[in-house]
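These entries record what I looked up in the structure, in the order in which I looked.

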Amino acid sequence: MLQEEKTGTRALVATGRIVLWVVVGLAVITGVRSWFWPSQPAPAPAPTVKQGPTYPVQDAQLVAARFAYSYLTWDEAAPEQRAKALARDMPKGTDTTAGWNSKGQQTVLLAQPGAVTELGDKRARVHVTVLVNVPGEPAKDKKDPAPAQRKWMGLEVPVLNTAGRIVVTGEPGIVGVPASGPTVTDQNAVDSDVELSAQTQSTVETFFTEYAKGEADSVTAPGASVPPLPDGITLQGIQSWNVDQGKGSDRTGTAVVRWTIGAAELEQTYRVELTRVASAAAERWQVAEVHGGTV
């Protein structure tokens, strides 16, 4: 009996040692600290905030356009006017008379700002397209000067964002204006609904006739509002009218229209939206919207 008790005691001691070593092993692997202070879950990443423009583009365009207007306007009879105008947009103390020999005459009719290219260190270059009017030079054998010429030219203006303002930092450069646009892929042709095009031909003709008179509201769908065209435009004719394939009570088509403006004729393209209007008597198609050009 005594022998059995000793054997049982030894078994308990052995089991206790095994449990102790298991605990020690776990402590080594996981760390005792984590038993009492469980690790906190990793914080969720901060939401990504989309950054806005890094450069005051609109301010740069405004200053560059105003500067281009002043820079390309000169009159030898009043050179101080140009210098005073340039001083508004150049750093204080800049010699605004430099770069022009104080001869000739030229005026700017339009200055249209375009692309702003950031150059780093708060600097940028602004492209401005300018329409200038150049008086004609007197011919050698005639008293009357040649007719004035209107020319498009580009002007690239260097600017700096400093002290909360945009200033022009130096002389700009005249650059060329493209003689044509880039090559584009052909537009996808849209199948025409021949039957509906024929049904709505007179509707579209009536609309454009009244459109030119300033009375489009009398032939448009209820709730539609189409501002009138300027006076002096009359309808020469509808060159073509094609409704796109589709379904439903709202359809869109393309109208090629020829207008008369004085002695001139102009052919133009419109996208016309039609809607089917139902009444107690019948259903009919009417114009809901009209937009110039195709996309």
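Entry 1. The first hairpin.

I began at the hairpin of β2 and β3, where two residues lie between the strands and Asp121 takes a positive phi near 55°. The model is a predicted one, which I keep in mind throughout. Asp121 is not a glycine, yet its phi is positive, at about 55°. I placed Asp121 in the loop between β2 and β3. Is Asp121 buried or exposed? Its relative accessible area is 66%, so Asp121 counts as exposed, the cut-off being over 50%.

I then looked up the strands on either side of this loop. β2 and β3 are paired antiparallel, with 10 bridges. Within this pair, Thr117 has Arg125 of β3 as its bridge partner.

Entry 2. From β3 onward to β4 and β5.

I followed β3 to its pairing with β4, which is also described as antiparallel and has 12 bridges. In β4, Leu155 stands opposite Val128.

A further positive phi turned up in the loop between β4 and β5, where Ala163 lies. Ala163 is a residue other than glycine, and its phi is near 55°. I noted a relative accessible area of 81% for Ala163, which makes it exposed.

Entry 3. The largest nonpolar core.

Which residues touch the most other members of the largest nonpolar core? I found Phe67, Leu72, Val128, Val130, Val157, Val159 and Val168, out of 25 residues in that core. Two or more residues each come from α3 (57-71), β2 (105-120), β3 (123-134), β4 (149-162) and β5 (165-168). The largest share, six residues, is given by α3.

I took Val157 as a case to examine and set aside its neighbours within four places in sequence. The contacts that remain for Val157 are Ala64, Phe67, Ala124, Arg125, Val126, Val128, Val168 and Pro172.

I also recorded a second core, separate from the one above, with 22 residues. Leu196, Phe207, Ile238 and Trp259 are among its members.

Entry 4. The pair α3 and α4.

I turned next to how α3 packs. Two packed helices are described by the angle between their axes and the distance between the axes. For α3 and helix α4 (residues 79-87), the axes come within 9 Å and cross at roughly 165°. An angle over 145 degrees counts as roughly antiparallel, so α3 is roughly antiparallel to α4. I noted the crossing of α3 and α4 as left-handed.

Which residues meet where α3 and α4 pack? On the α3 side I found Phe67, Ser70 and Tyr71, and on the α4 side Arg82, Ala85 and Leu86. Phe67 had already appeared in my list for the largest nonpolar core.

Entry 5. The sheet β7 to β10.

I then moved along the chain to an open sheet of four strands. What is the order of its strands? The order is β7-β8-β9-β10, with antiparallel pairing. At the edges are β7 (233-243) and β10 (283-292), each of which pairs on one side only. From one strand to the next, the twist averages 35°.

I looked more closely at the pairing of β7 with β8 (residues 250-261): nine bridges join these two antiparallel strands. Leu235 has Trp259 in β8 as its bridge partner. Trp259 is also one of the residues of the second core.

Entry 6. Helix α5 and the sheet.

Which helix lies across β7, β8, β9 (264-278) and β10? I identified helix α5 (residues 194-213), which runs at about 155° to β7.

Within α5 I checked Glu195. Glu195 has a relative accessible area of 59%, and I recorded it as exposed. From Glu195 to Asn242 the separation in sequence is 47 residues, whereas their C-alpha atoms are 9.7 Å apart in space.

Entry 7. The chain as a whole.

I closed with totals. The protein chain has five helices and 10 strands. I noted that 27% of its 295 residues count as buried. Taking contacts between residues at least 6 apart in sequence, I found that 49% join residues at least 24 apart.

Definitions and conventions. Residues are numbered from 1 along each chain as its sequence is written. This is a predicted model: local features need pLDDT of at least 70, side-chain atom pairs count only at pLDDT 80 or more; totals for chains, interfaces and linings use all residues. Side-chain values use heavy atoms; hydrogens and water are left out. Two strands pair if DSSP finds at least two bridges between them. Axes are lines fitted to C-alpha atoms, for helices over the stretch in contact, and angles run from 0 to 180 degrees between N-to-C directions. Contact means heavy atoms within 4.5 Å. A nonpolar core is a set of buried Ala, Val, Leu, Ile, Met, Phe, Trp, Tyr and Cys residues joined through side-chain atoms within 4.5 Å. Buried means under 20% relative accessible area, exposed over 50%, partly exposed in between (1.4 Å probe, protein chains only). Angles under 35 degrees count as roughly parallel, over 145 as roughly antiparallel, 65 to 115 as roughly perpendicular and the rest as oblique. A crossing is left-handed if the near helix is turned anticlockwise from the far one by less than a right angle, and right-handed if clockwise.
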